[in-house]
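Welcome! Here are some short exercises to help you find your way around a new structure.

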Amino acid sequence: MERTLIIIKPDAVQRGLTGEILRRFEARGLRIIGMKFIQVSRELAEKHYEVHKERPFFASLVNYIISSPVVVIALEGTNAIAAARKTIGSTKPQEAEAGTIRGDLALEIGRNLVHGSDSVENGQIEVANFFSAAELVSWPRATDPWIFE
Ligand code: DAT
Ligand code: MG
């Protein structure tokens, strides 16, 4: 079962889109195994975006993610990484398909509402960066047999 880290970013929380965004992942069938409302520290933000450290937009990316509270969610499911990224849509909202979170609700790359892990390996690493083992819940969801074959 794959794991992905979803971050409902500051713009989404400020715009009151937390429920709308969470609803889409739930409806997709992904199982919530962790969720919390936090203020991300600069240290954690720099760790999370470490792969982008040399990019010109790194400073603004870090400042954006720490600018206001976020909701972080750990999701589990078959093909969770690809499924969540399809639901999120392209990085640039103007290129994101209608029907995706970014395609329906965002306009600019620096205000693209949501993060989702980009590989199975990064899903594991990012969930561990944001959640302690005690904060993750392993539970048999009643609908699992109706979603996972
Ligand atoms: P994604 O969030 O779709 O996984 P990414 O991992 O390539 O995209 O980049 C992380 C974030 O960095 C992205 O959500 C927005 C920002 N970003 C990426 N490329 C950018 C660019 N060329 N200019 C400005 N911001 C950018
Ligand atoms: Mg990414």
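The exercises below look at one residue, then at the nonpolar cores, then at a ring.

This is a predicted model, in which local features need pLDDT of at least 70, side-chain atom pairs count only at pLDDT 80 or more, and totals for chains, interfaces and linings use all residues. Residues are numbered from 1 along each chain as its sequence is written, and side-chain values use heavy atoms, with hydrogens and water left out.

**Exercise 1.** Find where N112 is located, and decide whether N112 is buried or exposed.

*Solution.* Start with the loop between α6 (101–105) and β4 (114–116): N112 is found there. Helices (H or I, at least four residues) and strands (E, at least two) are DSSP runs, numbered from the N terminus. Next, check the relative accessible area of N112, which is 4%. Buried means under 20%, exposed over 50%, and partly exposed in between (1.4 Å probe, protein chains only), so N112 is buried.

**Exercise 2.** Which residues lead the largest nonpolar core by contacts inside it?

*Solution.* A nonpolar core is a set of buried Ala, Val, Leu, Ile, Met, Phe, Trp, Tyr and Cys residues joined through side-chain atoms within 4.5 Å. The largest has 21 residues, and I6, I8, I21, F25 and L113 have the most contacts inside it. Elements giving two or more residues to this core include β1 (2–8) and α2 (18–28). A second, separate core of 20 residues includes I7, I38, V127 and F130.

**Exercise 3.** Which residue lies over the face of F131?

*Solution.* Look for a charge over the ring (NZ of Lys or CZ of Arg within 6 Å of the ring centre and within 35 degrees of the ring normal). K36 fits, at 4.9 Å from the ring centre of F131.

How values were computed. Chains lettered and ligands numbered in written order.
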